Amino acid sequence: MGNNNRENLDYFMEEMNCSYAIYPYSLISRERIESLDAVGNDKVVNKKKLISGGFIINRSLAREGHTPFMFLTNCLLDIFKRPLSINPKLMNDEYADLIEQSLLDFYEMVTDERVILDTPLKAVGDKKRDMIKYLNEGRAVEIVLEQFMGSYSKKDAREPEMINDIVNIGTVFHEAFNERLAQARHFYVLTNKGIGTWYCSLGILPLVWCEIKFCIENQIKIKVCPYCGKFYVCPPNNPNKRHCGEQACLYQYNKESRGPNFEAERKSIRVPGRSAGRPKKVVK
Ligand SMILES: [Zn+2]
């Protein structure tokens with residue numbers, strides 16, 4: 001089954017003139033990601049460690065590999081952080097260059113080639129105006145994720161009136177959602193878990209929107225890590241997880257929630273005379 005799927009995917013990508021393909025996952029074990037082939041067939045299922053991840057194929061480099069969940073989206077927003085934080089009163093050449101360089105950084109990071117592969121939405125052929133269009137697309141990604149898809153806990157969950165805004169996403173982000181998704185193709189494969197979807201495209205920006213579409217359709221709640229700013233998904237056993245799980249962010253979280261001396265305190269909590277950990281079972 002695996003080989004057939006792979007051959008079909010290759011054929012499909014060629015027929016559809018697609019250079020890149022992604023296969024996003026939500027929550028699966030690290031062992032399972034490592035046991036997956038490029039088509040999504042898994043040989044071993046081990047629930048030990050829940051992480052989120054995905055899979056990307058780069059046909060021009062004939063390369064494939066595992067990526068963190070929301071890999072493309074996180075890369076784009078990370079690289080656009082600087083141009084998005086600057087808001088010049090008048091658009092100038094310097095700012096257009098900054099956006100262009102940021103875009104080139106993005107493509108180089110995810111494809112290894114320093115080439116902008118996508119045209120801006122409703123391109124006009126004027127560099128300054130087109131660069132602003134790219135930037136606005138990045139802003140749309142940020143707004144969709146932060147405003148509509150993220151929630152921190154039950155306490156600060158969305159207000160009911162937000163439902164109207166969610167309905168309106170189609171209007172507000174019509175260009176980005178509809179046009180970019182129209183530039184992507186779907187390829188369905190049978191896996192051990194059921195039907196999986198490959199998203200294929202000639203460029204990368206359509207696949208960023210496919211990552212978001214995947215989260216919407218699978219009702220995956222996304223959160224923003226308050227420490228590093230990356231988007232992450234909570235595991236089912238900890239739906240209110242407050243950080244992305246990276247070592248540095250976990251440390252910051254512990255320091256904030258338990259005080260700066262949390263490491264020393266943890267050691268002193270132990271009851272004298274009793275060894276650390278669960279009491280040993282008494283064998284009768
Ligand atoms: Zn983090």
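**Strand pairing and confidence in the predicted model**

Arginine 185 has cysteine 200 in strand S5 as its bridge partner. This bridge belongs to the pairing of strand S4 (residues 184-191) with S5, which runs in the antiparallel sense over eight bridges. The connection between S4 and S5 is a hairpin of two residues. S5, spanning residues 194-201, also pairs with strand S1 (residues 20-29), again in the antiparallel sense, here over three bridges. In this second pairing, isoleucine 22 is matched with tyrosine 199 of S5. S5 thus has both S1 and S4 as antiparallel partners. In a regular strand, side chains alternate between the two faces of the sheet.

These strands are part of a chain that contains ten helices and seven strands. Of its 284 residues, 29% are buried. When contacts between residues at least 6 apart in sequence are considered, 59% of them join residues at least 24 apart.

The model is predicted, and confidence varies along the chain. The mean pLDDT is 80, with 80% of the residues at 70 or more. Helix H4 (residues 93-111) has the highest confidence, with a mean of 95, whereas helix H6 (residues 162-172) has the lowest, with a mean of 50. Over residues 152-164, pLDDT remains under 50. For that segment, the model has five contacts beyond four places in sequence.

Definitions and conventions. Residues numbered from 1 in each chain as written. Helix = DSSP H or I, 4+ residues; strand = E, 2+ residues; numbered from the N terminus. Buried ≥ 20, exposed ≤ 12 C-beta atoms within 10 Å, placed from the backbone. Contact = placed C-beta atoms within 7 Å. Pairing = 2+ DSSP bridges. pLDDT = per-residue confidence, 0-100.
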